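Student: Could we go through the ligand sites of this model together?
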Amino acid sequence: MEYELAITGRNPPAKYVYTNSINPSQDPSIPLPLLEIPVIDFAHLVAPSELERLRSALSSYGYVMVTNHGVESSLMDRVRLVFKQFLALPMEERLKCQKEADGFEGFGSDMMVTKDVPVVHDFSARLRLTTWPEDKRQMKYWPEQPHDFREVLDEYSSKLLVLHDATLGAMARSLSLDDDDSAFLNAVREGGSISARFNFYPPCPTPDRALGLKPHSDGTVITYLLQDGEVEGLQVLKDEQWFRVPIVPDALVLHVGDHLEIMSNGEFKSPVHRVVLNPERQRMSVVIASFPEEGIQIEPLEGLVSGEKPRLYRQVKYSVVDQVGYYWSGTRVTDDARI
Ligand code: OGA
Ligand code: NI
């Protein structure tokens, strides 16, 4: 695969290269500022004050670091390790999980729908696997090597399923949707799905001319990100300035997705973020993200629309292919849906 050229320290091929520096207004000798990211103690989310901190952070920026989330750090380490071991396998072993050109699951680069439009490609590769519901798992894409990959992902995804559901419940409570804690959760539980994405970012000798992931917001309900333990790379846009997301050992980064922004009638914001590359070191991350059912209509919850809070979004149909289109064209479903 082409992205592997970079591992040898060579410059990326032309299709990955931006003609302008990715930070045109920034003096390249000054690193971007580090984000002060709100930390939410999940074990304390029953307390009204912690719920209010969660609501406030998600309403202003749409991301938080979550600690005390119930996932042991040894399990997080094993998740990182099995992916590193997978990446170190001979190419022919990895290709057993290769994604089909127009498919979503498996290992490879992301699907493109705008084939005729000249776009700069992401300098990264990913392994994407549906983890929930279990009957939607496509086991042929789940690596058999390393031997414990499947077991580790199964364990991690079941822990994240519990955390995911509790998070959407807490989010609903934080907006005083008391009578129905499951208002957001239903969008996933009723026909939706959860998938894991293992992201791999090779080192890149020209990090100001290529990106691991272009600026985007997640076309998800919510996203939980397990970062690389050593190498930074994630950046978020806040007040039109890029900030580096710090590595907080044992914490998980939580992002509001576009569909939750719509369902919450804009009470929660889906943040724009990107991944930059490191000149010497590779980086990895593991995302667990939830999605609505293909074809269902997403719209603001009735309980969040009122005289003081007029409806901000029209109904939009959830479609995976549309999401891919938004990503590659640098647009967002939230802009399309905005009234
Ligand atoms: C993503 C994403 C960030 C990262 O997969 O959508 O934004 O740090 N990942 O890999
Ligand atoms: Ni993202």
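Tutor: What follows concerns the two ligands and their surroundings. This is a predicted model, in which local features need pLDDT of at least 70, side-chain atom pairs count only at pLDDT 80 or more, and totals for chains, interfaces and linings use all residues. Residues are numbered from 1 along each chain as written, chains are lettered from A and ligands numbered from 1 in the order written, and side-chain values use heavy atoms, without hydrogens and water.

Student: Which residues come nearest to ligand 1?
Tutor: Arg197, Tyr201, His273, Arg283 and Ser285 do, out of 14 around ligand 1 (a heavy atom within 4 Å counts as near).

Student: What lies 2.6 Å from an oxygen atom of ligand 1?
Tutor: An N or O atom in the side chain of serine 285. For histidine 273 the corresponding distance is 2.9 Å, and for asparagine 199 it is 3.3 Å (polar contacts pair N or O atoms within 3.5 Å).

Student: How much of ligand 1 does the protein bury?
Tutor: The protein buries 97% of the 290 Å² that ligand 1 exposes when taken alone (Shrake-Rupley areas, 1.4 Å probe).

Student: Now the metal: which protein donors does the nickel ion have?
Tutor: His216 (NE2), Asp218 (OD) and His273 (NE2) are the protein donors of the nickel ion (ligand 2), lying 2.1 Å from it. Donors are N, O and S atoms within 2.8 Å of the metal (3.2 Å for Na, K and Ca); water is not among the atoms, so sites may look incomplete.

Student: What spacing do the donors follow along the chain?
Tutor: The spacing is H-x1-D-x54-H. Aspartate 218, in the loop between E6 and strand E7 (222-226), and histidine 273, in strand E11, are 55 residues apart and link distant parts of the chain (strands are DSSP runs of at least two residues, numbered from the N terminus).

Notes. A polar contact is a pair of N or O atoms within 3.5 Å; within protein, one must be able to donate a hydrogen and the other to accept it, and residues adjacent in sequence count only if both atoms are side-chain atoms. Helices (H or I, at least four residues) and strands (E, at least two) are DSSP runs, numbered from the N terminus.
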